[in-house]
Amino acid sequence: MTAIRPVDAASILLLDRSGGSIRVLVGRRSSKHVFMPDLYVFPGGRRDAGDRLVPVAGSLNPLARERLAMRAGSRCSDSRLRALGVAALRELHEEAGITVGAPLAEPGEGALSFRPDLSSLRFLARAITPAGMVRRFDTRFFTLFADEAGVDPSGATASHELEDLRWVDIFDHKGIQMPDITVLILEELQKSIQEDESLPFGRTAPLYYARRGRFHRDLL
């Protein structure tokens, strides 16, 4: 059997800190999905080839970009790293109806209706799906504070990709059925928030992966 190679993907933890707690946006994946059906996840998905060509309204923070580039491989390029940020914001728009960036007066056919602003994205973590799964992704998880991005949390809208959108307290998600990796990433966010609520751009980020049947956590 041919081994399935992981493909680049990006996911975003959109954070609302307008109340007395910090909440993160999650949604339930459709039961029609082959990968993780009926589970609550953060908005996200695979990086599209066209994401490299999307013009942006703001570039990745240099410290976030530097951390994102660590162990990204010899073929890592500025356009690939930028495309990961674009993918995160494109998926947020497609799955939750939230736009982060500058609207375009006349978007091209099949193109985004806005220029993504990557400048407030923090790189939180990276996780590679273990071998043997029906889909494999090399996912980069970003965080984004809604207030920094000028996002109204009440504007989140469910889609056919993500149903039943919810704002969940990052320290209290009981009763929300999530994949193991989603819970792990949420725990990483909890630790980061407890260390520094501003989530500095250049902080270390964990890399989760499996090798020879063992689960590993390295720091980038």
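Of the 220 residues of the protein chain, 48% count as buried. The model described here is predicted. Its secondary structure consists of three helices and eleven strands, arranged along the sequence in the pattern β-β-β-β-α-α-β-β-β-β-β-α-β-β. The radius of gyration is 16 Å, close to the 17 Å given by the globule rule for 220 residues, so the chain is as compact as a globular protein of that length. Taken along the principal axes, the box filled by the C-alpha atoms is roughly 50 × 40 × 40 Å. Among contacts with a sequence separation of 6 or more, 68% join residues that are 24 or more positions apart.

The surface exposed by the protein chain comes to about 11100 Å², of which carbon and sulfur atoms supply 49%. The chain carries 30 positive and 29 negative charges, and the mean positions of these two sets lie 9 Å apart.

The largest nonpolar core contains 36 residues, and within this core Leu14, Leu25, Leu89, Leu92 and Leu121 touch the most other members. At least two residues of the core are supplied by each of strand E1 (7-16), helix H2 (78-96), strand E7 (122-128), strand E8 (137-145), strand E9 (162-169) and strand E10 (206-211). The contribution of H2 is the greatest, at eight residues. A second, separate core is made up of 22 residues, including Val168, Ile170, Leu186 and Leu189.

Leu92 was examined further as one of the residues of the largest core with the most contacts to other members. Leu92 is located in helix H2. With a relative accessible area of 0%, Leu92 falls under the 20% limit and is therefore buried. When residues up to four places away in sequence are not counted, Leu92 touches Ile12, Leu14, Leu25, Pro43, Gly97, Ile98 and Val100. Two of these partners, Leu14 and Leu25, are themselves listed among the core residues that touch the most other members. The C-alpha atoms of Leu92 and Leu118 are 13 Å apart in space, and the two residues are separated by 26 positions in sequence.

Backbone geometry was considered next. Most residues other than glycine have a negative phi. Asp164, which is not a glycine, has a positive phi of about 50 degrees. Asp164 is placed in strand E9, and its relative accessibility of 30% lies between the limits of 20% and 50%, so the residue counts as partly exposed. Leu199 is likewise a residue other than glycine with a positive phi, near 50 degrees. Leu199 belongs to the loop between helix H3 (180-195) and E10. At 3% relative accessibility, Leu199 counts as buried. The two residues thus share a positive phi, whereas Asp164 is partly exposed and Leu199 is buried.

A further loop position is Ser120, which is found between strand E6 (114-116) and E7. The relative accessibility of Ser120 is 15%, a value under 20%, and the residue therefore counts as buried. Beyond its neighbours up to four places away in sequence, Ser120 touches Thr143, Leu144, Glu148 and Phe201. Of these partners, Thr143 and Leu144 lie within the range of strand E8 (137-145).

Note on methods
Residues numbered from 1 in each chain as written. Predicted model: local features only at pLDDT ≥ 70, side-chain atom pairs only at ≥ 80, totals over all residues. Heavy atoms only, no water. Helix = DSSP H or I, 4+ residues; strand = E, 2+ residues; numbered from the N terminus. Rg over C-alpha atoms; globule rule 2.2 N^0.38 Å. Buried < 20%, exposed > 50% of the residue type's maximum accessible area, 1.4 Å probe, protein only. Contact = heavy atoms within 4.5 Å. Areas by Shrake-Rupley, 256 points an atom, 1.4 Å probe, with all protein chains shown as cover. Lys, Arg positive; Asp, Glu negative; His and termini not counted. Charge placed at Lys NZ, Arg CZ, Asp CG, Glu CD. Core = buried A, V, L, I, M, F, W, Y, C linked by side-chain atoms within 4.5 Å.
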